[in-house]
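Visitor: I have a model open and would like some help reading it. Could you take me through a sheet, a core and a few disulfides?

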Amino acid sequence: MANPLLAAITGAALVISGYAAADAFSDGMSYGKGQQSTGTNAIKNFSPEEVIPGYTATPPETGYYGGVTSSGVDMTSPGMNELNTSDVGQTITESILNTPSDNKPSLDAPFITAGTDMQGNAESVIDPSFDNCQEQSATFTEITTHQCNRTPAAELYCTRTAGFGGEWKDTVENKYIIISHGQFSFSRSGKKIVFSFRAPEKGVVLNASLAITAGYAWLNSKVEFMNTTFNVSLLKGGSGTFPLGGAATMQLAEGEIISGLSCSGNGGCTGTVDDYIYNTLVNGSSTFTLTLLMQVGAKEWVPSVVWSESCPFDKSEEVLTTSTCTVAGGYKPVVVGGKEYQVYSDCWEYRDVYVSQEADNGTCGEYMNNTACTVNGTTCLESLAGICLSEAATFSCESKVSGTGMMCGGEFFCTDGSCAQGETGTNNMFAKAVSTLAAVAAAGEDIAEFNEADVRAFTGNSQSCRKVMAGFSNCCKDSGWGNDVGLASCSSEEKALGKAKEKKLTVKIGTYCAHKVLGVCVEKKESYCQFDSKLAQIVQDQGRKGQLGIGFGSASSPNCRGITIDELQSINFDTLNFANFYSDLENGSTIPEDNELLEKAKQIIADKVAEAGK
């Protein structure tokens, strides 16, 4: 049982010390009043230009003062000029333009409203009177930090672009070939004239004819050429074309010599005219022109469509969700070997989307919707091809803390201690202390349940959800699980995991391909470690992973083991952020504010003093 006398003595000592503090405050006031003239006398002969570098009695700002009877000077134009031209103004403008939308302070934020309140009460702050001290309420800003997870909007895709390709294919074509007179060779064999040419290409003769122009009178001359025999009767200067019917189907080899004969006298080779005929053929007075229609070998260009792909990730590990034609199909021309070809494709470019996710605020929604909260920093938890798919965010949230004090000569003196705590942002120190103790107690409860040597605390369970699969909704949503519309295909375990994520009971491990068909991923899953309480999640996430650097395994093989005793002893609980647990404390029981604890302490002391005096 507590000793009431000892408590009374202790309480009395505290009260006496309070009275002593009050007397010290009065003595300080008296001393301050006595020193008023000292300060005035010290500056009577003070020359600021001798002490302050760059001092001037007429700074440029004096131009804005019109005297006590002036209605004022319009500051709009000078202010805009400074904003647009000065370094400070440009810095402010760049800060406004470059600040992320979720990091811009709201006019309703506590630190802004506190400032406007002080502006409205400016006269009491600058009142130079030291004669009277007035009790006044003060409002300060308390900053708390919160950690949460959210999903940024993202789309990852591959681009398939069609180009021109093709190959040369062996084929045949019908081709006209002209053998001019200069390509013929002439010689004599007795009274016969021999003429010949070299086949320019390999092929089959389909049709042939020989045109002859006579440089003398050819009368009843017999010609044998290309399997054809015919008579030529032409007057000097005359010409004629003679079909070579026997040439059809002749197989010619490239460079092969094809010869013919001519003889007068209907083949009898009589007279001496042949000498004359020969000379006219040699000197070109008489001409031979051979026209061939041949089927020859050829190369045909066969155009085709060739696809190239640009993909910044391994698509075999991802699931194709949509494929969209971005460049319409049709015919396009391509020129090969001087010849134009028309190439057709149903589509000339496709956009294959593998990851498409809308922004999901996840557990960050309450802070993003709070005008007094701003983003303090983000950490990407999972990325693909340089795009963040899941991130952890830290928010700084501000709230007002009120206290009472004395305003004396423009200076505020805190009297109840709460405003001092508000100034340092320590108003939640009781909640943090309780959270730390609760975490240690929970660890003790876990360990007490085991008798084995290898005991663990805060053990979790591995859970997973289907993220991408044909015919399924996204069963890995970060929020909105209270409304199950469109999530009928998700299992009860997946729905339970979704609600656990909303309650901040999970740690995300990663995403992996859960099922492949013919080397192509057709289903992906996200894996998590799920814990029974926020305390377990905080100690595991911030302590095990954040401080000790012990991970949770791979996405396909999570390791949600508990924390060993040695590991617990290595965790600095003082640095853990238990802000996410505060709401559980408040929901479970009434946690008094620190100033209320002070008042209760004062009341307990007073009661003990009263009891001791009886």
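Guide: We'll go feature by feature, general idea before the case here. This is a predicted model, so local features need pLDDT of at least 70, side-chain atom pairs count only at pLDDT 80 or more, and totals for chains, interfaces and linings use all residues. Residues are numbered from 1 along each chain as its sequence is written, and side-chain values use heavy atoms, with hydrogens and water left out.

Visitor: In what order do the three strands of the open sheet run?

Guide: Strands of a sheet pair through backbone hydrogen bonds, either parallel or antiparallel. Strands (E, at least two residues) and helices (H or I, at least four) are DSSP runs numbered from the N terminus, and two strands pair if DSSP finds at least two bridges between them. Here the order is 18-20-19, with antiparallel pairing. Strand 18 (461–469) and strand 19 (506–517) are the edges; each has a single partner strand, so one side of each lacks a neighbour in the sheet.

Visitor: How many bridges join strand 18 and strand 20?

Guide: Eight, with strand 20 covering residues 520–530. One residue to click on is methionine 469, whose bridge partner in strand 20 is glutamate 523. Helix 12 (residues 492–502) packs on this sheet and touches strands 18, 19 and 20; contact means heavy atoms within 4.5 Å.

Visitor: Which residues have the most contacts inside the largest nonpolar core?

Guide: In soluble globular proteins, nonpolar side chains tend to be buried together. A core here is a set of buried Ala, Val, Leu, Ile, Met, Phe, Trp, Tyr and Cys residues joined through side-chain atoms within 4.5 Å; buried is under 20% relative accessible area, exposed over 50%, partly exposed in between (1.4 Å probe, protein chains only). The largest has 35 residues, and the best-connected are Phe184, Trp218, Phe225, Met226, Leu290 and Leu292. Strand 11 gives the most, five residues.

Visitor: How many disulfides does a search of the whole structure find?

Guide: Nine, a disulfide being a pair of cysteine sulfur atoms within 2.5 Å. In one of them, cysteine 373 and cysteine 397 have sulfurs 2.0 Å apart. Cysteine 373 sits in strand 14 (residues 373–384) and cysteine 397 in strand 15 (residues 387–408), so the pair ties together parts 24 residues apart in sequence.

Visitor: Is cysteine 373 buried or exposed?

Guide: Buried, at 6%, and cysteine 397 is buried too, at 8%. Cysteine 380, disulfide-bonded to cysteine 388, is partly exposed at 39%.

Notes
Axes fitted to C-alpha atoms, helices over the stretch in contact; angles between N-to-C directions.
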